[in-house]
Amino acid sequence: MNAAASQLGGLTLLVVGLMAFLLLAARLVSPQHAYRRRPLVTGNELEFYMRLARAYPEGRVFPQVAMAALIEPAAGSDKAKLSAFRQISQKRCDYIITNLRLEVLVVVELDDSTHDAKLDAQRDRRLTSAGIPTLRWTSRVGRQVRGLRG
């Protein structure tokens with residue numbers, strides 16, 4: 001019984017030591033970061049989303065869609081395609097509206113003080129080159145549902 005207890009104690013010590021080593025190694029390789037939840041849209045964007053959903057009952061409205069999910073570089077060398085992809089990879093569209101088959105009909109941008117007209121024009125040209133129109137709506141203007149259909 002004494003030998004069995006000794007072996008069990010040794011095994012326990014080995015397992016605890018291994019777990020401590022793995023935890024320490026994991027912390028050294030990848031530091032722990034804390035995250036918190038954040039809202040997908042602001043209150044203003046949510047209100048506008050609801051208006052878009054009423055204006056397009058025959059389709060679907062999706063907020064905050066990655067531009068790279070909608071378009072991709074069409075031609076060029078691998079290097080040129082990578083360069084073009086990098087120009088869209090961190091961009092998001094405020095809303096997209098699709099038909100029931102989830103084919104994109106239009107991108108809707110809710111313009112406010114954070115938007116830059118030159119960058120917006122460049123974004124619109126990229127989408128237009130892929131056959132996706134952009135509807136821009138100024139955040140300050142009162143919005144009527146019937147006016148949202150472009």
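Biologist: How many residues does the largest nonpolar core have?
Modeller: Happy to start there, bearing in mind that this is a predicted model. Nonpolar side chains tend to be buried together in soluble globular proteins. Here the largest such group includes Phe-48, Leu-52, Tyr-95, Val-108 and Trp-137. Its full count is 12 residues.

Biologist: Which elements give two or more residues to this core?
Modeller: One helix is on the list, covering residues 43–55, and the strands on it cover 92–98, 104–111 and 134–138. By name, they are helix H2 and strands S2, S3 and S4.

Biologist: How many residues are in the other core that lies apart from it?
Modeller: That core lies apart from the largest one. Among its members are Met-67, Ile-71, Cys-93 and Ile-132. The number you want is 10 residues.

Biologist: Let's turn to charges. How many salt bridges does the structure hold?
Modeller: One of them joins Arg-123 to Glu-109, and another joins Arg-136 to Asp-120. The structure's total is 6.

Biologist: Is Glu-109 buried or exposed?
Modeller: Buried means under 20% relative accessible area. Glu-109 has 1%, so this residue falls under that cut-off. Its salt-bridge partner Arg-123, at 13%, also counts as buried. For Glu-109, then, the word is buried.

Biologist: How many residues apart in sequence are the parts that Arg-123 and Glu-109 tie together?
Modeller: The closest N and O atoms of this pair are 3.6 Å apart. Arg-123 sits in helix H4, residues 117–129, while Glu-109 belongs to strand S3, so the bridge ties a helix to a strand. Along the sequence, those parts are 14 residues apart.

Biologist: Which residues are linked with Arg-136 in a network of salt bridges?
Modeller: Arg-136 meets Asp-120 at 3.5 Å, N to O. Because Arg-136 lies in strand S4 and Asp-120 in helix H4, this pair ties together parts that are 16 residues apart in sequence. Asp-120 is buried at 10%, whereas Arg-136 is partly exposed at 23%. The residues in the network with Arg-136 are Asp-111, Asp-120 and Asp-124.

Biologist: Is Arg-101 buried or exposed?
Modeller: Arg-101 forms a salt bridge with Glu-103, the closest N and O atoms being 3.8 Å apart. Glu-103, at 40% relative accessibility, counts as partly exposed. Exposed means over 50%, and Arg-101 has 69%, so the answer for Arg-101 is exposed.

Terms used:
Residues are numbered from 1 along each chain as its sequence is written. This is a predicted model: local features need pLDDT of at least 70, side-chain atom pairs count only at pLDDT 80 or more; totals for chains, interfaces and linings use all residues. Side-chain values use heavy atoms; hydrogens and water are left out. A nonpolar core is a set of buried Ala, Val, Leu, Ile, Met, Phe, Trp, Tyr and Cys residues joined through side-chain atoms within 4.5 Å. Buried means under 20% relative accessible area, exposed over 50%, partly exposed in between (1.4 Å probe, protein chains only). Helices (H or I, at least four residues) and strands (E, at least two) are DSSP runs, numbered from the N terminus. A salt bridge is a side-chain nitrogen of Lys or Arg within 4 Å of a carboxyl oxygen of Asp or Glu.
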